Each structure stands twice: as structure tokens, then as C-alpha cells.
Amino acid sequence: MKILSIQSSVAYGHVGNSAAVFPLQRLGHEVWPVLTVHFSNHTGYGAWRGPLLAPADVAEVIAGIADRGVLGDADAVLSGYQGDPAMGAVILDAVTLVKTANPDTLYCCDPVMGDVGRGMFVRPGIPEYLRDVVVPRADIVTPNQFELEFLAGRSTNTIDDLLAAVDAVRATGPRHVLVTSVLHGDLPAGSLEVVAVSDAGAWAVTTPLLPITPNGGGDVTAALYLAHLSTTGSPAAALERTTASIFAVLEATLAAGTRELQLVAAQSAIADPPTRFPARRLR
């Protein structure tokens, strides 16, 4: 695949494009990274340096790629944290350009806005912009459970609640929804689920809940799911492969005792995902 990935970048550590590009390349895909920021490190440290790129500058980079006449070769556009509506508009303009040249191109949006225990951590107005403008334009969205509840406007205490919320989001436009960090009353203690839903059905993978919450995990998850879904055509297979790789990365990170994802150390599990967590069909 050829993937246009419009995301943040850091010099130290792994979030945004600095989390997504290497796993995609390790799977054999060509990535065109467009940076929205270039920070020294992710903002979870509380201090960082480096520029927040102006939306007009990001648009110029994309225009330069268009000048090469290759946008129609892109199989997918991937986006994560968007920062503000002006940057979101630049991303959507890029999606329009790519899809005009190649209608079969997929747009995968990770609607980053918040999480359980942290609440919303983006600027006011961004969640509504994502819900009302961006998500309806996406083919694939990869919210966590907290973000799904906001997008759908309902709580998800059971797996049936979760599927109803996914259906509400899918009714707005995206055909594929991957929900991460799922907890509900039917789960055994010490475990969590990842759920994938498409026109073909719904599946869940259950894994142990590891005592670690590093930054960048969602960025890697979105990238891997996009890649595996595109190459296999199977949400169930993409779910199994993505979950296996992410769990291996988290295990390596936990073993290393670091707060940065151990993508390089766990690269073999990215390139060749182990058969570890089977997907079970929900419907």
C-alpha cells in the first residue's frame, strides 16, 4: 500500500507519525508522512519544545505531493490528533484531493479527543468538529470507548450498548469502526476488549489488561488496523493481527520499564503478528 499519513511527529519517543510510520513500513507499506507538529517529545511529559506547524504550511506540503502527480496512487489517508478545526479542514481537503484522483482510497480517522479518567484533552470545539464534520467523511474510525460514547451520544455499559453506539456512529458515514480499550460489565476482571464492526458483522478480541498506559498506543493501533484491513479484507483477521502486535509492544514496554513504546524491540511481532487472541463473532 501507499499511505498518506497526516499526523504529529516527535524526535524522542513514539506518538503520531513517529508511532505509525515504522510499523507500517515494517509491514512493507510505503508511507508519505506529513507532519502537523514537530516536537522534541510527546506532551504527556508536561514540557516539550518545537514548532506547531501552521495549517497553511501543512497544506503546502500536501500540494507539493500533488505536484508530483502521485496522490492518485495513494491507497489510504491516515489521520490522528488534529489540533484545531483549521488543521482538520486541511486534512479533509487532502482526503478530497486523493479520493477525487482515486475513489477507492480509504480514509482512516483516529478521532483523538479524550479518554476515561482524563476526560476531553483537546481544545473546546474539537470534539464536536470531529463528530459532526470529520467522522462522517471517514471510511474507518478507531475511537476508544470514551470517544465512541461521545460520538454516539450514549453510554456503553454492556456489549449490546457498545454495538448500539457503534451502529449509531456507522449510520453517520463510516463503514468500519474499531473500538479500543473496551470495558463492560460482562468482562472478567483483569481483561479488556477491542471490538471491530463492519457491514460483514461484529467481532471482539479479549486480552489481559496490562498495568501500563503509554502514549501512542492508539496511533499504532489505527495504523495497523488500516493496514491489515486493507490487505486481508477481513475485519476479524485485521482485529486479531492488530491486537496481537499491540499486546506484544505493550508487553515489551512493560518489561523495559519505560514510558515510550518499544516498537523497535517488538518489531518482529509487528512484521509477523503471532496467533494469540482469537476473534469471536458477536453478530
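In which sense, left-handed or right-handed, does α2 pass α3? In this predicted model, the crossing of α2 past α3 is right-handed. The contact brings together P55, V58, A59 and I62 from α2 with A86, M87, V90 and A94 from α3. Sorted by class, the residues of this contact come out as 8 nonpolar, no polar and no charged. Helix α2 covers residues 55-67 and helix α3 covers residues 85-101, and the two pack at an angle of about 15 degrees with their axes 9 Å apart. That angle falls under the 35 degrees used as the cut-off, so α2 and α3 count as roughly parallel to each other. It helps to recall that an α-helix has 3.6 residues a turn, so residues three or four places apart point the same way.

Next comes α1 and its partner. Helix α1 (residues 17-26) packs against helix α7 (residues 217-232) at an angle of about 35 degrees, and their axes lie 8 Å apart. This crossing, too, is described as right-handed. On the α1 side the residues in the contact are A19, A20, P23 and L24, and they meet D219, V220, A223, L224 and A227 of α7. The class count here is 8 nonpolar, no polar and 1 charged.

How much of α1 is hidden away, mostly covered or mostly open? The helix is mostly covered, with 7 of its 10 residues buried. The buried ones are N17, S18, A19, A20, V21, P23 and L24. Several elements do the covering, including the strands β1 (2-10), β2 (30-39) and β3 (76-79), along with α7 and α9 (267-271). Just after α1 the chain reaches G28, a residue with a positive phi near 100 degrees.

Two of those covering strands hold residues that deserve a look of their own. S8 sits in strand β1, and with a relative accessibility of 13% it falls in the buried class, because buried means under 20%. Leaving aside residues up to four places away in sequence, S8 touches V15, G16, N17, S18, T36 and V37. Of these, N17 and S18 appear among the buried residues of α1. H38, in turn, belongs to strand β2. Its relative accessibility is 35%, so H38 counts as partly exposed. With the residues up to four places away again left out, H38 touches S9, V10, A11, R49, G50 and P51. H38 can also be placed relative to the α2 contact described above: H38 and P55 are 17 residues apart in sequence, and their C-alpha atoms are 13 Å apart in space.

Further along the chain, UniProt has an unreviewed entry that lists residues 105-258 as "domain: Pyridoxamine kinase/Phosphomethylpyrimidine kinase". Over that stretch, the chain is 44% helix and 21% strand, and the C-alpha atoms at its two ends are 37 Å apart.

Helix α5 (residues 145-152) is largely enclosed by the rest of the structure, since 6 of its 8 residues are buried. Which residues of α5 are buried? They are Q145, E147, L148, F150, L151 and A152. The cover over these residues includes β5 (114-115), β6 (119-120), α4 (126-134), α6 (159-170) and β8.

One of those covering elements, α6, packs with α5 at an angle of about 55 degrees, and the axes of the two helices are 9 Å apart. That makes α5 oblique to α6. The crossing of this pair is left-handed. From α5, the residues Q145, L148, L151 and A152 take part in the contact, and from α6 the residues L162, A165, V166, A168 and V169. Split by class, the contact has 8 nonpolar, 1 polar and no charged residues.

Strand β8, another part of the cover over α5, spans residues 176-182 and contains S181. What is unusual about the phi of S181, given that S181 is not a glycine? The phi of S181 is positive, at about 55 degrees. As for its surroundings, S181 has a relative accessibility of 40% and therefore counts as partly exposed.

Methods. Residues are numbered from 1 along each chain as its sequence is written. This is a predicted model: local features need pLDDT of at least 70, side-chain atom pairs count only at pLDDT 80 or more; totals for chains, interfaces and linings use all residues. Side-chain values use heavy atoms; hydrogens and water are left out. Axes are lines fitted to C-alpha atoms, for helices over the stretch in contact, and angles run from 0 to 180 degrees between N-to-C directions. Helices (H or I, at least four residues) and strands (E, at least two) are DSSP runs, numbered from the N terminus. Angles under 35 degrees count as roughly parallel, over 145 as roughly antiparallel, 65 to 115 as roughly perpendicular and the rest as oblique. A crossing is left-handed if the near helix is turned anticlockwise from the far one by less than a right angle, and right-handed if clockwise. Contact means heavy atoms within 4.5 Å. Ala, Val, Leu, Ile, Met, Phe, Trp, Tyr, Cys and Pro count as nonpolar, Asp, Glu, Lys and Arg as charged, and the others, Gly among them, as polar. UniProt positions are given in the numbering used here, feature names are shortened, and annotations may be inferred rather than shown by experiment. Buried means under 20% relative accessible area, exposed over 50%, partly exposed in between (1.4 Å probe, protein chains only).
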